[in-house]
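Please look through the structure below before reading on. The paragraphs after it begin with one helix and what surrounds it, then turn to charged side chains.

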Amino acid sequence: MPNPFHLRAKIDRLWRRSGDHNPGYVRVAALDAIVRELFAPNDRARANHELYLATDPFDVARHKLRDLYDRAPVPVSHGDPLGSPEEDELPAEDDDPL
């Protein structure tokens, strides 16, 4: 079974390509692909349309954030992996500011 989030990402990418910032032939090709994938009079398009509508926008955002978190680079520490307690303590302040 196809992943509905993958389908929605592809359709959303096509929708962004159909914006005013692209030339006319790119916009027409993107809209044509959207219509063929979602609104053609066949069973595949109906199934794609149902999958597209089944994805909630909040779930899509959570899915994107999870992907970004999973692909985030891991920071490399060159010192003590647990950190030294001296770095966590605040510096001692004098009672007399002058």
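In this predicted model, the cover over the buried residues of helix α2 includes α1 (4-17) and α3. The residues of α2 that count as buried are Val26, Ala30, Ala33, Ile34 and Leu38. Viewed down the axis of α2, these buried residues fall within an arc of 110 degrees, so they line one face of the helix. What sits on the face turned away from that buried side? There α2 carries the exposed residues Tyr25 and Val28.

The length of α2 can be checked as well. The helix has 15 residues, and at 1.5 Å a residue these should span 21 Å. The end C-alpha atoms of α2 are 21 Å apart, which agrees with that expectation.

Next come the salt bridges. A salt bridge is counted here when a side-chain nitrogen of Lys or Arg lies within 4 Å of a carboxyl oxygen of Asp or Glu. How many salt bridges are there by this rule? The count comes to five, and three of them are described below, starting with one inside α2.

Asp32 forms a salt bridge with Arg36, and the closest N and O atoms of the pair are 3.2 Å apart. How are Asp32 and Arg36 placed in helix α2? The two are four residues apart in α2 (residues 24-38), so about one helical turn separates them. Asp32 has 38% relative accessibility and therefore counts as partly exposed. Arg36, at 47% relative accessibility, is also classed as partly exposed.

A second pair lies in helix α3. Here the side chains of Arg46 and Asp43 meet in a salt bridge, at 2.8 Å from N to O. These residues are three apart in α3 (residues 43-54), so the separation is again about one helical turn. Is Asp43 buried or exposed? With 60% relative accessibility, Asp43 counts as exposed. Its partner Arg46 has a relative accessible area of 45%, which means that Arg46 is partly exposed.

The remaining pair to describe is Arg44 and Glu37. Their side chains meet in a salt bridge with an N to O distance of 3.0 Å. Arg44 is exposed, since its relative accessible area is 56%, and exposed means over 50%. Glu37 falls within the range of residues given for α2 (24-38), and Arg44 within the range given for α3 (43-54).

To return to the starting point, α3 is also included in what covers the buried residues of α2.

Definitions and conventions: Residues are numbered from 1 along each chain as its sequence is written. This is a predicted model: local features need pLDDT of at least 70, side-chain atom pairs count only at pLDDT 80 or more; totals for chains, interfaces and linings use all residues. Side-chain values use heavy atoms; hydrogens and water are left out. Buried means under 20% relative accessible area, exposed over 50%, partly exposed in between (1.4 Å probe, protein chains only). The expected span of a helix is 1.5 Å times one less than its number of residues. The arc is that of the directions from the helix axis to the C-beta atoms. Contact means heavy atoms within 4.5 Å.
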